[in-house]
Amino acid sequence: MGNTPLKQPEDVSEDIQQRANIALIFIKPHAVSDKIKEFVSGEIKDAGLTMLHEGEMSAEDIESKGCIDKHYASIAKSAMDTNPGDLGVTDEKKAEFQKTFGSTWDESIELGLIFNAKGAAEKLGTMDGDDLVPLDGKGLDALWAKAEKRVKLAPGLYVSNIGEDEPLYVINGFYMAMREKYVQGSGIYFYVVGFDPEVMSWAQFRGEVIGATDPEQAPEGSIRGKMLANWETEDLDLDSKPNVGDNGVHASAGPIEGLKERTVWLGLAPEDDPFGSELLKWTGGKVATIAPWLDDAEVDEAKHYELKGKMFDLTEDKDTPWTIKFCNNLALA
């Protein structure tokens, strides 16, 4: 399955193939079952999406290949690896931290009161003889959910005080529980789909076919909306009501993020992906040029575009033709 080039969308002209939107959809571990696979496959077909590839990945493969940590790269790194003192928090966010929690960021770092999720789990762990048994992700997530105050320090970077008698600040305390669902659960089942942007925009794909992240806000006719409405029925038979985290399916937010996801989950090189090869064609042909974009690099203002920010955000809900033109401008800047 890994490193296998995707076929081009079927039943469309060569011109459309070169500009087709290509997205990854996967059924999340909590929802993987034969009934859900049948349901999602039917919805993809009914929406007029072209199925390019489908398959499954076990929890063991997800962990051994580091897929979930690569997928949630910045969130994972902040939760599992980065020392909080090295996060580069801005003065503005330090002021917000002090206003929210009543303590300064720098003093809290100096006193050792701020932990990443992994460090907090070890801090709150218990001893089994001479061995430390860290608090599991579910336990840490429960403390995180109870915390009344939270500060967003940067995109994908959150801090809460989960301490009771004294402060214990934790970065991205939700991540370990989310990660455990992928590396200890049923794995995922994925689909790679293509669609003509002149027939269906990326925004329509996400908003109308997939539905909002919060199933309660998703259209009734969307995949997430139908899962919420019918989760207890015999047709779907989910174990629990869908919510913001366990919302049934994931879908790529835009062309660049979608390409990154296919390199992570399918093991594809960019040149083996229909969109990736087209992107390389219009940006000089060097993977080194597009590699920072796939890591969600900060983008300076492109020629002819008054846009700045993270690459995934800038290309969210954008269609392939716009994205290729935008990246062409970046490459020529």
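This tour moves through two sheets, the helices that pack on them, and a set of salt bridges.

The model is predicted, so local features are restricted to pLDDT of at least 70 and side-chain atom pairs to pLDDT 80 or more, while totals for chains, interfaces and linings use all residues. Residue numbers start from 1 along each chain as its sequence is written, and side-chain values rest on heavy atoms, with hydrogens and water left out.

**First stop: the mixed sheet**

Select strand S3 (114-116) and strand S6 (150-154), the edge strands of an open sheet, each of which pairs on one side only. The sheet has 4 strands in the order S3-S8-S7-S6, with mixed pairing. Helices (H or I, at least four residues) and strands (E, at least two) are DSSP runs numbered from the N terminus, and two strands count as paired if DSSP finds at least two bridges between them. Between neighbouring strands of the mixed sheet the average turn is 25°, direction ignored; axes here are lines fitted to C-alpha atoms, for helices over the stretch in contact, and angles run from 0 to 180 degrees between N-to-C directions.

Add strand S7 (residues 157-161), which runs antiparallel to S6 and is joined to S6 by 4 bridges. If you pick Lys152, its bridge partner in S7 is Tyr158.

Now show helix H5 (residues 73-80), which lies across S3, S7 and strand S8 (169-171) and runs at about 125° to S3. Helix H6 also packs on this sheet, where it touches S3, S6, S7 and S8, and its direction makes about 175° with that of S6; contact means heavy atoms within 4.5 Å.

**Second stop: the antiparallel sheet**

Move to the open sheet of 4 strands in the order S2-S9-S1-S10, whose pairing is antiparallel. Strand S2 (50-57) and strand S10 (249-251) each have a single partner strand, so one side of each is left without a neighbour in the sheet. Neighbouring strands of the antiparallel sheet are turned by 20° against each other on average, direction ignored.

Select S2 together with strand S9 (residues 188-195), and you will have a pair that is antiparallel over 7 bridges; within it, Glu54 stands opposite Tyr191 in S9. Helix H2 (residues 34-46) lies across strand S1 (21-27), S2, S9 and S10, and runs at about 5° to S9.

**Third stop: salt bridges**

The structure holds 13 salt bridges, each defined as a side-chain nitrogen of Lys or Arg within 4 Å of a carboxyl oxygen of Asp or Glu. Select Asp34, Lys37 and Glu56 to see a network of these links.

Return to helix H6 (residues 91-101), where Glu96 and Lys93 lie 3 residues apart, about one turn of the helix. Their closest N and O atoms are 3.1 Å apart, and Glu96 is partly exposed, with a relative accessible area of 31%. By this scale buried means under 20% relative accessible area, exposed over 50%, and partly exposed in between (1.4 Å probe, protein chains only).

Next, select Glu316 and Arg206, a salt bridge whose closest N and O atoms are 3.2 Å apart. This pair links distant parts of the chain, 110 residues apart, with Glu316 in the loop between helix H16 (311-314) and helix H17 (320-332) and Arg206 in helix H11 (residues 202-210). Glu316 is partly exposed at 32%, and Arg206 is partly exposed at 23%.

Finish at Asp273 and Arg262, whose closest N and O atoms are 2.4 Å apart in a salt bridge. Asp273 lies in the loop between helix H13 (255-265) and helix H14 (274-281) and Arg262 in helix H13, so the pair ties together parts that are 11 residues apart in sequence. Both Asp273 and Arg262 are buried.
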